[in-house]
Amino acid sequence: MGLKAFLMYDIGLQRLSYAIKRKKFIEKYYSASDVSDNNEVKKQIVYMADGRISPGGLGDRIHGLISLYKFCKENGFEFKVNFCSPFRLHDYFAPNEYNWDVEPECLTYDIQKAEPLLIFSTFGKYHGTLVQEATMQHKYLETMTSAQKQYHVYTNAHFAHTPEVYSGLFHELFVPTKPLQDAINWNKERIGGDYVAVTLRFQNLLGDFKEANFKALPEDERQGLIETVKNKIKELHDSRHPDKKFLVTSDSRAFLDTLADLDFVYTIPGKVVHMTYTPEHNFNLHLKSFVDLMVLADAQKLYLLVTGKMFRSGFAQSASFINAKPYEEIIF
């Protein structure tokens, strides 16, 4: 099937899937009788992360947000961000060159003036390659935003799928707030110079990171996994970067604590949480996720290590895109 035929076929399936989800979403959250304070509705796209449906973790949410911003720049839409759950994004990232922040009173949930769109990526699992899926989703968004409405878009789409494009858009949108920048500086001072980064995603394999229904390994298998991964980090350091410090980030605090005897490793202190499963609106609770992201972004090179049942996370790659740094996955 050629790309054009593929897109036409897949957009049809996508429309059907999204129409079913959107109908239920509208019935639950929108009303034709709402009174809006807006006399005129701008043709506007609002990135939504308000707790009504999850666009994924931090990396996925920022990817979706930047992808929408790219679409708006190319198609003449005003772009705004309603990222208010489980925290307000502007507590960590302030607008830089473009004012994306939106006040709650500027949002309308009158279905005659607003339209929710749910556009979620499968990362190529069901729709060919990631690039093909992004192309299809971009086309879908074009066809669904022709009216004079405020479009509320929930998405983790990856339209901005090259580091150079992503990096430029990220820095147009964001600058760390002072508390975040202070935390970034504090950790980088303790690393003490140039560094390489390694990211590991165990989900709940080691029994210390509750996420959805992922099961922990039996006790007798956990130590074996820890030793396997720890030895891989040592090998990577000794064979490729013997003179560099290693920043290691992971969703398992238990694993990070086992690295204390490696003098070339630095780990960022603090509790690890996943925002989808941690609804508390607590600045310090979620700060570590942003510190991890931004300190990773300044590494000379970033690695994702995956073995066995570990998860192939996109977090490290998202961090590498921020400053267009080299990224490599090692599956062993």
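The following legends describe close-up views of a predicted model.

**View 1. A salt bridge within helix α1 joins Lys 23 and Glu 27.** The closest N and O atoms of Lys 23 and Glu 27 are 2.6 Å apart. Both residues belong to helix α1, which covers residues 3-29. They are four residues apart, about one turn of the helix. Lys 23 and Glu 27 are both exposed.

**View 2. A salt bridge connects the side chains of Arg 240 and Glu 328.** The N to O distance in this pair is 2.9 Å. Distant parts of the chain are linked here, with Arg 240 in helix α6 (residues 219-240) and Glu 328 in strand β11 (residues 327-331). The two residues are 88 residues apart. Arg 240 has a relative accessibility of 41%, and it therefore counts as partly exposed. Glu 328 is also partly exposed, because its relative accessible area is 23%, and the partly exposed class lies between the limits of 20% and 50%.

**View 3. Glu 329 and Arg 312 form a salt bridge.** Their closest N and O atoms lie 2.7 Å apart. Glu 329 is in strand β11, whereas Arg 312 is in the loop between β10 (302-306) and α9 (315-322), so the salt bridge ties together parts that are 17 residues apart in sequence. With a relative accessible area of 27%, Glu 329 is partly exposed. Arg 312, at 54% relative accessibility, counts as exposed, because the exposed class begins over 50%.

**View 4. Arg 22, Glu 115 and Lys 149 take part in a network of salt bridges.** These three residues are linked to one another through the network. For the model as a whole, the count comes to 18 salt bridges.

**View 5. Helix α6 has buried residues along one face.** The helix has 22 residues and reaches 32 Å from its first C-alpha to its last, close to the 32 Å expected at 1.5 Å a residue. Its buried residues include Arg 222, Leu 225, Ile 226, Val 229 and Lys 230. Lys 232, Ile 233, Leu 236 and His 237 of α6 are buried as well. Seen down the axis of α6, the buried residues fall within an arc of 150°, and therefore they line one face of the helix. Asp 220, Asp 238 and Ser 239 are exposed on the other side of α6.

**View 6. Several elements cover the buried residues of α6.** Among them are the strands β7 (195-200), β8 (245-250), β10 and β11. The cover also includes helix α7 (253-257).

Notes: Residues numbered from 1 in each chain as written. Predicted model: local features only at pLDDT ≥ 70, side-chain atom pairs only at ≥ 80, totals over all residues. Heavy atoms only, no water. Salt bridge = Lys/Arg side-chain N within 4 Å of Asp/Glu carboxyl O. Buried < 20%, exposed > 50% of the residue type's maximum accessible area, 1.4 Å probe, protein only. Expected span 1.5 Å × (residues − 1). Arc of directions from axis to C-beta. Contact = heavy atoms within 4.5 Å.
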